[in-house]
Amino acid sequence: QVQLVESGGGLVQSGGSLRLSCAASGNIFSIYTMAWYRQAPGKERELVARIPQSGSTIYADSVKGRFTISRDNAKNTLYLQMNNLKPEDTAVYCCNAVIQERHMPAHNYWGQGTQVTVSS
């Protein structure tokens, strides 16, 4: 059973930084695209950043220049470095990944989410 577990959320003042991690575990054969999404209260879920297995990353316009997505393929772990945080970044951040288990087709998986709260 594949699982994605996020960590690193918390409460931070405006202008501060946080680093989120998302560790994938299970009978993993390959991890393709990985991404971070977020959902603020009363708003729809939105893509924050996406990183393919190889190639260019993409970011939401609202986080460009402040957030950096990266991955450690050896550790099956996804990261999101968030700098210069703003109150509007407050949301539940969820990890998403397309993962292929051994002898199985690839599926889309979600983590349980981690809360990020930025105070003004």
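**A predicted all-strand model: questions and answers**

User: Is Asn 84 buried, exposed or partly exposed?
Analyst: In this predicted model, Asn 84 has a relative accessible area of 42%. Buried means under 20% and exposed means over 50%. The value for Asn 84 lies between these limits, so the residue counts as partly exposed.

User: In which loop does Asn 84 lie, and what is its phi?
Analyst: The residue sits in the loop between β8 and β9 (91-101). Asn 84 is not a glycine, yet its phi is positive. The angle is near 50 degrees.

User: Which residue in the loop between β7 and β8 has a positive phi although it is not a glycine?
Analyst: The loop in question runs between β7 (67-72) and β8 (77-82). The residue has a phi of about 55 degrees. Its relative accessibility is 24%, so it counts as partly exposed. The residue is Asn 76.

User: How many helices and how many strands does the protein have?
Analyst: From the N terminus on, every element in the run β-β-β-β-β-β-β-β-β-β-β is a strand. The count is therefore zero helices and 11 strands.

User: Why does the radius of gyration agree with that of a compact globule?
Analyst: The protein has 120 residues, and a compact globule with that number would have a radius of gyration near 14 Å. The C-alpha atoms fill a box of roughly 50 × 25 × 25 Å along the principal axes. The radius of gyration of the protein agrees with the globule value because it is 14 Å.

User: Which element gives the largest share of the largest nonpolar core?
Analyst: The core has 31 residues, and those with the most contacts inside it are Trp 36, Leu 80, Met 82, Tyr 93 and Ile 99. Elements that give two or more residues include β3 (18-25), β4 (28-39) and β11 (114-119). The largest share is five residues, and it comes from β9.

User: Which tyrosine is in contact with Ile 99, leaving aside neighbours within four places in sequence?
Analyst: Ile 99 is among the residues with the most contacts inside the core. Its contacts beyond four places include Val 2, Leu 4, Ala 24 and Ile 28. Also among them are Pro 105, Ala 106, His 107 and the tyrosine asked for, Tyr 109.

User: How far apart do the centres of the positive and negative side chains lie?
Analyst: The protein has 11 positive side chains and 8 negative ones. The centres of the two sets lie apart by 4 Å.

Note on methods:
Residues are numbered from 1 along each chain as its sequence is written. This is a predicted model: local features need pLDDT of at least 70, side-chain atom pairs count only at pLDDT 80 or more; totals for chains, interfaces and linings use all residues. Side-chain values use heavy atoms; hydrogens and water are left out. Helices (H or I, at least four residues) and strands (E, at least two) are DSSP runs, numbered from the N terminus. Buried means under 20% relative accessible area, exposed over 50%, partly exposed in between (1.4 Å probe, protein chains only). The radius of gyration is taken over C-alpha atoms; the globule rule is 2.2 Å times the number of residues to the power 0.38. Lys and Arg count as positive and Asp and Glu as negative; His and the chain ends are not counted. The place of a charge is taken as NZ of Lys, CZ of Arg, CG of Asp or CD of Glu. A nonpolar core is a set of buried Ala, Val, Leu, Ile, Met, Phe, Trp, Tyr and Cys residues joined through side-chain atoms within 4.5 Å. Contact means heavy atoms within 4.5 Å.
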